[in-house]
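Here are a few exercises to help you find your way around a new structure. Try each task yourself before you read its solution.

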Amino acid sequence: MKRFLSLLLALMMVLSLVPSAMGESVEDALAAAAKMTNEELYEKAKEEMSAGAQLNFYSTTSFAEKAANNFMAAYPELKLVYAEIDDVETYNILTKTIGSGVKDSADMALTQNGPDLKTYLLDEGLAHVYFPEAMKDVVAADAQDPAIVTYINSLLIYHNGNGSANVTNIWQLTEEEWKDKVFFKNPTNETVNINFLIMLTSPEWNAKLEEAYASRYGKAWEKGEFDSCALEFIDGFLANVNYTYTSASKMAAGIASGAPGNMGLFVFSKLRKVDEADRGNLTILQFENKVEGFSGFMYPIYATVFKDTECPYTCALFINYLLSEEGFAGNKSWNSSQGYYSPNKSILKPEDLEDEPYEYWLDCLVFEDMEYIDEKFIEVYEFIATRVG
Amino acid sequence: MRKPQPNSLLREPLLYRLRAFVAKPANLLLVFFLFVLAVLSLLPMVTMLSNMFTIHMGIEKRQYRMSTGDWTYVHFQKLFEGGDWSRVNFWEPLKNSLIVATGAGILGILIGGSIAWFITRSDLKCKKFISGVFVFPYMMPAWTLALFWTNMFQNSKVGGGNVGMIESIFGVCMPEWFVYGLFPMIVVIGLHYSPFAYLLIGGILKNMDATLEESATILKANRWTIIRRVTIPIVMPAILSTFLLIFSSGFSSYTVPVFLGSAVKTFTLPTKMRALIQAGYEGQGYIIAFISILFGCVILGINQWFTGKRKSFTTVTGKSGQVSLVKLRKANWPITIALIVFTCFVAVMPLISFALESIIRQPGNYSFSNMTLHFWIGTEASAYETGMIAGILLNPTMWEGVGRQVLLALLVALIVGTSGMLIGYSCVRRRGSRLSRSVESMAFFPYLMPAMAFGTIYLAVATSENFRWMYGTFGLLILVSVIKFLPFASRSGVNSMLQIAPEIEEAATIFGVPWHKRMIRILFPIQKSSILSGYLLPVISVMREVALFTLLVPKPRYLLTTMLFSFNETGYAQYGSAVTLLIILIIMIINWVTNKLTGASFDKGIGG
């Protein structure tokens, strides 16, 4: 009898560790996890680990590795295996590996490019969203579904060797004076760049561009060759841009050490890759003067959990951690660098950084809207792709 | 007398023919390789073809309002319908790709072939040095040469206005067309593959019986006539093979056009293929991949037509004891100096450039005060905030990558080299038969497929239900490398076996020497170094391959080359330069060891 009872107990323990085996899907587990405290989640996560699981996660941002190390220091019985993933190949790899049963495939990922996340993972049922109830008050609603763990901005930054660029209106960048002097990663190779251009066609940004147009040229924009003001802007902007630099880091370093007067639209955080001696050559346009139109764009990094994970509670705890001050502002984490902003309003940027809080950027940057881009992608992609050359 | 039954009449010749067929090892080898290649080489092709006619999840599904997996020809309609979309995504890039591939093919053969001739057929000075360093560019990933080109020639008047070495030292600004666009793409790809031309053509030239040229000399033919009427026809199979290889590589090159074409908005088909696949237009992307294969097939067809037309290219009918070198006389030193300068520029300068780039903190500043060894031997405390916990020589991740890459290269070389030699032997012995032609073509087929498309297809295969156990494994990397790099070895095998007259083996057969002994004791020693090229070329190819592995490695820093690409993509130029140097060093060590063990090496013009 004793033997039978111990066997039964062992069986129950094993079954309780495998949500799907008990009929608890990953989605159900995540729903339950959203209501738990971190301590409860840690207990559940330890059970998952003792059943042989480990959390394999992909990320397009290298800071995630540091966050993972900090996480494992905070929760020593949990094992995370980080793998950096190329932004370009993210969804290609994920759509083929999630649910395929391959060994050590990812349990969750931190990815950019919301529209592709929606199209390839969420709409296809390959990934699930998770957001903790406890955080709902400190994180804006539009950053919860799916959970955004950080925002990243790309800003207009120029080489100040010739003095001020005197750009006060975004339409200036479509003029002859800026021909081949605006550096931008090829939008057909850089998903966040094409998303930014598509966002410009939204009613809100189209109106802002019309306003800037009127201010620059003293007349209202009129429909002619282009169906919208945004499309005319995109046409002029892409005619002027230069694709010499194939990565944001190279662009930051290249502009800083290159010809005075060049302007780049690249990831703000990449300034950390610029050598100290050249850093003074760069001026962030928005910090110099307000730009009519916009002075860059902002895109999120989303956290999603995959349908075949064996450790949904560990994933949930890790997402909680990333959203918390400890995770986001821990040792060498995102908050220590310019250009990363937590959706958690209680986490402030360190005062010694040349940066501004998230709220500051709301008016001057084009924010990625997953739904809008998803809806307009097909229509606008062709327009952009044929102008890239 | 019993009359034979009609059935047995039919059966006996069939059995007899079957027995005769099986008795020849070449036939058995051909059947074996036909089966293996049909599965492994045609599988990606079939997958690619089906992708051209099906709807994929995402954009295609939504745009065409169809279900994933539905059959359709809309991708063709869209890509070829005309208008800006076709022009920008297909016709313009196609034109650019053709210019680059053809130009690089011609340039590579001109440079590699000329140097091969000087090394093997003339009394040129400093041969050892020239042949030794000339192969360096082939050891580097092509895009690192593109980086070197921009490092050298970028200037304050083009691109981002970053000062390069030439402007920095001589104050000269090269024009934009020289720094970016089709011209540098042709030069870089041509230079990168010219050692390949040198290896293949040099091998044939070195093995060529000198009496052929001597006979022409006795008949009062002048030097140019001898080259035109004797030397070139003999090396023609190698020239065509080389052109085919360089053309296909140039046509499917992705990274070189990205680095050298983006600044002037010059795009090629592979760059558009990747952009289309990335944007979700997979069907159109695969059509582009298919078209690059078609172009390769045309060149392959020409190659086969030519080698088929000439019944024999036999040049080894017993080793000639004489080596007749053309005397360059007064032109010797000028040509030697010119070649030394040239090889130093294309081979040594990149190494110096990478060495310098790996020790400077601030780009473009080459002063001593800006130099540091932190990227090589920095510790956690002193290393920069660069994503590595230490300099590359102290980093365990880096050494794991080195170990995996070397092991992969050696294993692949072993499999590919042996297979290539056997394919070469069997195809040449059964030359002209349908079976031989099929195996030869199929062995070459994967080469025509862009590495990126190849990687994508094998990713799909390895994550499918029956093969998921392969995904993320080292075995998968071996498999794709073997298939992708078999063409090098099979071409090398065919070229070397073409030179051996069948009478040599027939004589041994008459004496009852078994097949394996004929191979080991006769054929292999005669063409030892040529056959060894079939082993060594895959080593180099694997050691510098990136695109093929990007999608198949479990993590970006799994192999040394994927780590290198990751460093360059993320802007860790110093680490990238250090790893490039390390790759070249490893290849040189393998080359040196091979040389010591077998006497063969790249610098001796493998094949001779």
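**Contacts, build and interface**

**Exercise 1.** Work out what share of the contacts in chain B, between residues at least 6 apart in sequence, join residues at least 24 apart.

*Solution.* Start with the term: two residues are in contact when they have heavy atoms within 4.5 Å. Now keep the pairs in chain B that are at least 6 apart in sequence: 73% of those contacts join residues at least 24 apart. Try chain A next: there, residues 24 or more positions apart make up 77% of the contacts with a separation of 6 or more.

Before going on, a word on the ground rules. This is a predicted model, where local features need pLDDT of at least 70 and side-chain atom pairs count only at pLDDT 80 or more, while totals for chains, interfaces and linings use all residues. Residues are numbered from 1 along each chain as its sequence is written, chains are lettered from A and ligands numbered from 1 in the order in which they are written, and side-chain values use heavy atoms, with hydrogens and water left out.

**Exercise 2.** Find out how many helices and strands chain B has, and how its radius of gyration fits the globule rule.

*Solution.* Count DSSP runs from the N terminus, taking helices as H or I with at least four residues and strands as E with at least two. Chain B gives 29 helices and zero strands. Next comes the radius of gyration, taken over C-alpha atoms; the rule is 2.2 Å times the number of residues to the power 0.38. For the 608 residues of chain B the rule gives 25 Å and the model has 26 Å, so chain B is as compact as a globular protein of that length.

**Exercise 3.** Do the counting for chain A: how many helices and strands are there?

*Solution.* Chain A has 16 helices and 12 strands. Its radius of gyration is 23 Å, which agrees with the value near 21 Å for a compact globule of 389 residues. Its C-alpha atoms fill a box of roughly 90 × 45 × 35 Å along the principal axes.

**Exercise 4.** Describe where chain A and chain B meet.

*Solution.* First the residues: 56 of chain A are in contact with 52 of chain B. Then the area: the two chains bury about 4900 Å² between them (accessible area lost on being put together, 1.4 Å probe, summed over both), with 51% of it on carbon and sulfur atoms. On the chain A side, Glu84(A), Lys96(A) and Ile378(A) lose the most area to chain B, together 12% of what that side buries.
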